[in-house]
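Me: Walk me through this one, please. I'd like each label justified against its cut-off.

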Amino acid sequence: MVSTNEDSKIRKFIHHRQINIIITTLLIFVSTYIALVTCLGENIFNPIGNVTEPAWPTVNTRDVINSTISTFFIVVFGLIAGRLCFLVHLPPLLGSLIIGIALKNIPGVNEWLIILPSWDAVLRKLAFALIMIRCSMGINLAVVRANPRILVSLGCIAPLVEALCIFVAAHFIFSFPVSLSLVFGFLLAANSPAVTVPSMLHFQNTNHGTAKGIPTLVLACASADNVLLIVAYTVSIGLVFASGSLFATIAYTIGEIVASAAIGIFLGWLLWYFPRKKDTYTHLARGIVLVTLSLALLFSAIRLDIEFTGSISLVAMCLTAAIRWKTNSEKQTRLEQRVYAVLWDLIFQPVLFVLIGMKFEISELSWHGILIGLACLGIGLVGRAIAVILLTVGAGLTMSEQLIFVFSFVPKATVQAALAPGIVVAAAAFPELLPQASIVLSACVVAILLTAPLGQLALGLFGPKFLTQDTKGFWPDDETTNPGRVLRERRGTWAGAAAAEEEQFFLHLAKPPQQPSEDLRDEGAATG
């Protein structure tokens with residue numbers, strides 16, 4: 001057992017500024033090295049002198065140049081199309097998807113833009129890493145503590161109900177194999193925070209539904225939905241396309257899940273101390289080290305042929321790190337999340353959706369397959385809608401507010417764009433699954449085209465009508481109003497608890513600054 005004196009020495013050593021900087025820098029460099037070497041498929045101990053065949057096929061210089069220039073144009077075209085859609089109040093990702101479909105299907109243009117398959121895989125994996133980080137970091141711990149029931153109900157049970165409905169429809173109605181039906185269900189059921197978040201932020205700004213904390217609850221449930229279904233998808237696809245006996249595969253999978261979760265928790269715990277809190281570089285270092293460690297986990301898992309474990313480790317690491325980061329700083333993780341949001345909006349969202357659009361060849365479409373995908377999608381959405389309404393009975397919500405929750409989970413986009421192409425790649429080794437895998441890919445593209453604009457349109461039209469506007473707002477005009485009393489009254493219900501946490505934060509921001517914050521005093525001392 002470590003004595004109090006020894007524990008104090010360890011803490012003093014860890015929090016020494018220069019030592020902490022050195023260890024944090026080593027973490028960034030080592031994780032970057034592992035991510036780079038495993039991404040290139042080289043020997044981690046001797047990458048330069050490795051004489052074995054590379055993991056990727058050899059490409060000539062012209063293909064690399066073409067892919068580089070094509071990637072540049074993809075970002076530019078995706079951004080322009082996204083901004084145009086934004087001007088007409090449609091999700092920007094829809095514009096990127098449409099431009100991708102156009103680039104693939106316009107004669108002449110489809111031969112001009114060339115992206116190497118290896119580049120396509122890496123770009124999608126980078127976007128996937130950013131999605132997982134944002135979803136994991138976006139789970140509001142205050143909402144989790146105040147409303148465990150609603151978070152479990154709408155963030156876990158409802159998406160699993162939708163996945164089950166899609167599985168039943170695909171297998172029992174359309175005769176998909178059990179394994180592929182399971183993967184299809186987990187993939188298509190995931191909602192898209194990229195569509196939902198802007199609407200919820202708008203409702204927060206206009207105080208619609210804030211009295212019951214509805215925007216905050218939707219955001220927390222959407223993040224939990226994505227984390228759960230992505231992990232379930234990666235585990236299920238590892239089981240479906242694994243070779244060997246089923247019993248041995250399941251046993252190995254359970255062991256790999258436990259081990260990968262333990263690795264992620266350990267790395268997340270390590271990030272509690274490196275970098276140290278309240279320093280000039282803290283938020284910058286946190287943002288960098290989280291990305292480099294996430295990429296190292298994902299690409300290492302691919303290199304070791306246990307791809308799904310990378311996602312589990314990444315989620316466990318981000319959730320563990322966020323527990324401490326959101327409590328030891330007034331800024332919590334808002335600065336890191338803001339940077340990740342900018343990276344997503346300006347680079348990875350247009351790239352990801354243009355790339356999946358370029359896999360949608362209209363000349364090879366099977367209308368039969370598209371109808372199957374639409375039927376599965378519709379059955380799943382109806383199943384989730386019923387589940388959401390039933391699970392929120394007795395929660396103090398009106399029917400119109402329940403419908404807002406239903407509309408919030410309609411959009412499909414981000415997860416499908418990142419993961420759907422991987423099904424076709426994995427199914428290439430199983431010719432009997434390839435036709436159904438192609439249907440899954442087409443269904444995901446069509447689902448994005450339909451549900452993303454419809455979901456945003458429904459929230460934009462019915463949100464202000466169905467959600468009660470809190471006329472008091474966060475800063476009451478009546479000076480005699482006691483914010484503390486209002487917060488205590490609202491804590492009586494699960495929705496009020498979320499609203500109370502939300503208002504406590506904004507009331508704190510409303511206070512006039514009396515003296516420099518603790519963060520700024522520490523930063524000044526550190527730089528001085």
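Me: Where is aspartate 305 found?
Reply: In the loop between α12 and α13 (307-325). Helix labels follow DSSP runs numbered from the N terminus (H or I, at least four residues; strands are E, at least two). This is a predicted model, where local features need pLDDT of at least 70, side-chain atom pairs count only at pLDDT 80 or more, and totals for chains, interfaces and linings use all residues.

Me: And why is aspartate 305 called exposed?
Reply: The scale is relative accessible area with a 1.4 Å probe, protein chains only: under 20% is buried, over 50% is exposed, and in between is partly exposed. Aspartate 305 has 70%, so it's exposed. On numbering and atoms, residues count from 1 along each chain as its sequence is written, and side-chain values use heavy atoms, with hydrogens and water left out.

Me: What makes the phi of aspartate 305 worth a mention?
Reply: Its sign: phi is near 65°, a positive value in a residue other than glycine. Most residues other than glycine have a negative phi, and most peptide bonds are trans. Serine 175 also has a positive phi, about 60°, although it is not a glycine.

Me: Where does serine 175 lie, and what puts it in the exposed class?
Reply: Serine 175 sits in the loop between α7 (148-173) and α8 (178-189). Its relative accessibility is 58%, so it counts as exposed.

Me: What kind of peptide bond joins phenylalanine 274 and proline 275, and how do you know?
Reply: It's cis, with omega at about 0°. Proline 275 has its place in the loop between α11 (246-270) and α12 (282-303).

Me: How do you know that threonine 392 is buried?
Reply: Its relative accessibility is 1%, so it lands in the buried class. Threonine 392 is in the loop between α15 and α16 (399-408). Leaving aside neighbours within four places in sequence, it's in contact (heavy atoms within 4.5 Å) with Arg149, Ile150, Leu154, Leu397 and Gln402.

Me: What does the side chain of threonine 392 reach?
Reply: The backbone oxygen of isoleucine 389, at 3.2 Å. A polar contact is a pair of N or O atoms within 3.5 Å; within protein, one must be able to donate a hydrogen and the other to accept it, and residues adjacent in sequence count only if both atoms are side-chain atoms. At 3.2 Å, the threonine 392 pair is therefore inside the distance limit.

Me: Why does isoleucine 379 count as partly exposed?
Reply: Its relative accessibility is 33%, so it falls in the middle class. Isoleucine 379 is in helix α15 (residues 367-391). Not counting residues up to four places away in sequence, it touches Cys165, Ala169 and Ile173.

Me: What makes arginine 124 buried?
Reply: Arginine 124 comes in at 11% relative accessibility, so buried is the label. It's found in helix α5 (residues 117-137). A polar atom of its side chain lies 3.4 Å from the backbone oxygen of alanine 418. Its touching partners, beyond four places in sequence, include Leu352, Leu355 and Lys359.

Me: Why are α5 and α10 called oblique?
Reply: Angles under 35 degrees count as roughly parallel, over 145 as roughly antiparallel, 65 to 115 as roughly perpendicular, and the rest as oblique. Axes are lines fitted to C-alpha atoms, for helices over the stretch in contact, and angles run from 0 to 180 degrees between N-to-C directions. α5 and helix α10 (residues 214-240) pack at about 130°, with axes 8 Å apart. That angle is in none of the named ranges, so the pair is oblique. The contact involves residues including Phe128 and Ile131 of α5 and Ser223 and Asn226 of α10.

Me: And what makes α3 roughly perpendicular to α14?
Reply: The axes of helix α3 (residues 61-87) and helix α14 (residues 334-357) come within 8 Å and cross at roughly 95°. That makes the two roughly perpendicular. Among the residues making the contact are Ile74 and Val75 of α3 and Asp345 and Leu346 of α14.

Me: Which residues stay under 50 in pLDDT?
Reply: Residues 473-528. pLDDT is the predictor's confidence in each residue, from 0 to 100. The protein chain averages 82, and 85% of the residues score at least 70. Where pLDDT is low, the predicted coordinates should not be read in detail.
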